[in-house]
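Please look through the sequence and the structure shown here, and keep both in view while reading the report that follows.

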Amino acid sequence: MVFSSNPLSLSVPDPTFDAWLRDSGYLEILDQHSSSSTITADPTSTSIITSTTTTATTTGLFISFFSHILTLLSLFTLNPFSKLTTDDFSGQTPSWTRSFFADFGSYSFPSGSDQARLRVNENVKRYARNYASLFILFFACTLYQMPLALIGLISSLALWDAFKFCNDRWGWDRYPVLWQVMVRTAQCVTAVVLICLNVQMALFGAVGISYTVMVLHAAFRKLTSTKQSARRR
């Protein structure tokens, strides 16, 4: 039977539909939509799954393995801060147990680089305050493991506090030339202290660990609708 075309039917392009889902807060449906589109858009994987020969099965396993590796590598080529704004840090911190970590069923391997990019961008915006708290925690643990770096950080803070005290007492800012000389001297001393006591190594270590944890968590964490999250809170 051949059906005639319905003039009342609507055909919405995928980008427009995805934008509407994102603006409406239906991120869970958007996540599922990106996963299904990735699966249906790959005819090679479909043909491999339907094949019954041992060679095709082995080839499918290798292709699946390398596709997972490529997806993991593509995570570190993304810019997770592309859609991040200052408003994302001004809201309420999502619950660590119910929203951020959740249960085991809230995680899955991304079906492709597109879904990984979608999850990273949306989850970084939603859990920005959680990731910032993790960075502070990692940095504190790094300073605990590196006492010299902790001493260097405290010394640099004490140096600038002493500089402010001397400026308030003798009014260095009233003499522009003297003010510039003292500021540049304090900056040089601070740089020497931070470098000699390996404060930059502690900072780089905390940034590297927190960045890796953030990207992996954001990529594997399934998207949930903002309306459902608000209802749970």
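Does S99 count as buried or exposed, and at what relative accessibility? S99 counts as buried, because its relative accessibility is 10% and the cut-off for a buried residue is under 20%. This value, like the others in this report, is computed from a predicted model.

**S99 and Y127**

S99 has its place in helix α5, which runs over residues 96-101. Leaving aside residues up to four places away in sequence, S99 touches P94, Y127 and R221. One of these partners, Y127, lies in the loop between α6 (113-126) and α7 (128-145), and Y127 counts as buried because its relative accessibility is 1%. With the same kind of neighbours in sequence left out, that is, those up to four places away, Y127 touches P94, S99, F100, H217 and R221. The pair S99 and Y127 also has a polar side to its meeting, for the backbone oxygen of S99 lies 3.1 Å from a polar atom of the side chain of Y127. Y127 also shows how the chain brings together residues that are separated in sequence: Y127 and T93 are 34 residues apart in sequence, while their C-alpha atoms are 7.4 Å apart in space.

**The whole protein**

The protein has 11 helices and 0 strands. Of its 233 residues, 29% count as buried, and its accessible surface comes to about 15300 Å², of which 67% belongs to carbon and sulfur atoms. Among the contacts with a separation of 6 or more, 80% are between residues 24 or more positions apart.

**The nonpolar cores**

The largest nonpolar core has 13 residues, and those with the most contacts inside it are L75, F100, V120, V124, Y131, M214 and A218. Helices α6, α7 and α10 (199-220) each supply at least two residues of this core, and the largest share, 4 residues, comes from α10. Y131, which is among the residues with the most contacts inside this core, touches F100, N123, V124, M214, H217 and A218, again not counting residues up to four places away in sequence. Apart from this core lies another one, of 6 residues, among them F139, L143, V199 and A206.

**Helices α6 and α10**

Which residues of α10 are buried? They are V199, A202, A206, S210, M214, V215, H217, A218 and A219. The 22 residues of α10 should span 32 Å at 1.5 Å a residue, and its end C-alpha atoms are 32 Å apart, which agrees.

Helix α6 has 14 residues and reaches 20 Å from its first C-alpha to its last, close to the 20 Å expected at 1.5 Å a residue. Because 10 of these 14 residues are buried, α6 is largely enclosed by the rest of the structure. The buried residues of α6 include V120 and V124, and also Q115, R119, N121, E122, N123 and R126. N121 itself lies in helix α6 and counts as buried because its relative accessibility is 10%. Not counting residues up to four places away in sequence, N121 touches N79, P80, S82 and K83.

**Segments named in a record**

An unreviewed UniProt entry places the feature "transmembrane region" at residues 60-78, 134-157 and 202-220. In the model, the span 134-157 is 96% helix and 0% strand, with its end C-alpha atoms 23 Å apart. Over residues 202-220 the chain is 100% helix and 0% strand, and the end C-alpha atoms lie 27 Å apart.

**Two residues with positive phi**

Most residues other than glycine have a negative phi, and most peptide bonds are trans. The table sets out two residues of this model whose phi is positive, although neither is glycine.

| Residue | Phi | Place | Relative accessibility |
|---|---|---|---|
| A102 | near 60° | loop between α5 and α6 | 27%, partly exposed |
| N198 | near 60° | loop between α9 (176-196) and α10 | 34%, partly exposed |

A102 is thus found in the loop between α5 and α6, where it counts as partly exposed because its relative accessibility is 27%. N198 has its place in the loop between α9 and α10, and with a relative accessible area of 34% N198 is partly exposed as well.

Terms used. Residues are numbered from 1 along each chain as its sequence is written. This is a predicted model: local features need pLDDT of at least 70, side-chain atom pairs count only at pLDDT 80 or more; totals for chains, interfaces and linings use all residues. Side-chain values use heavy atoms; hydrogens and water are left out. Buried means under 20% relative accessible area, exposed over 50%, partly exposed in between (1.4 Å probe, protein chains only). Contact means heavy atoms within 4.5 Å. A polar contact is a pair of N or O atoms within 3.5 Å; within protein, one must be able to donate a hydrogen and the other to accept it, and residues adjacent in sequence count only if both atoms are side-chain atoms. A nonpolar core is a set of buried Ala, Val, Leu, Ile, Met, Phe, Trp, Tyr and Cys residues joined through side-chain atoms within 4.5 Å. Accessible areas come from the Shrake-Rupley method with a 1.4 Å probe; for residues, only the protein chains shown count as cover. The expected span of a helix is 1.5 Å times one less than its number of residues. UniProt positions are given in the numbering used here, feature names are shortened, and annotations may be inferred rather than shown by experiment.
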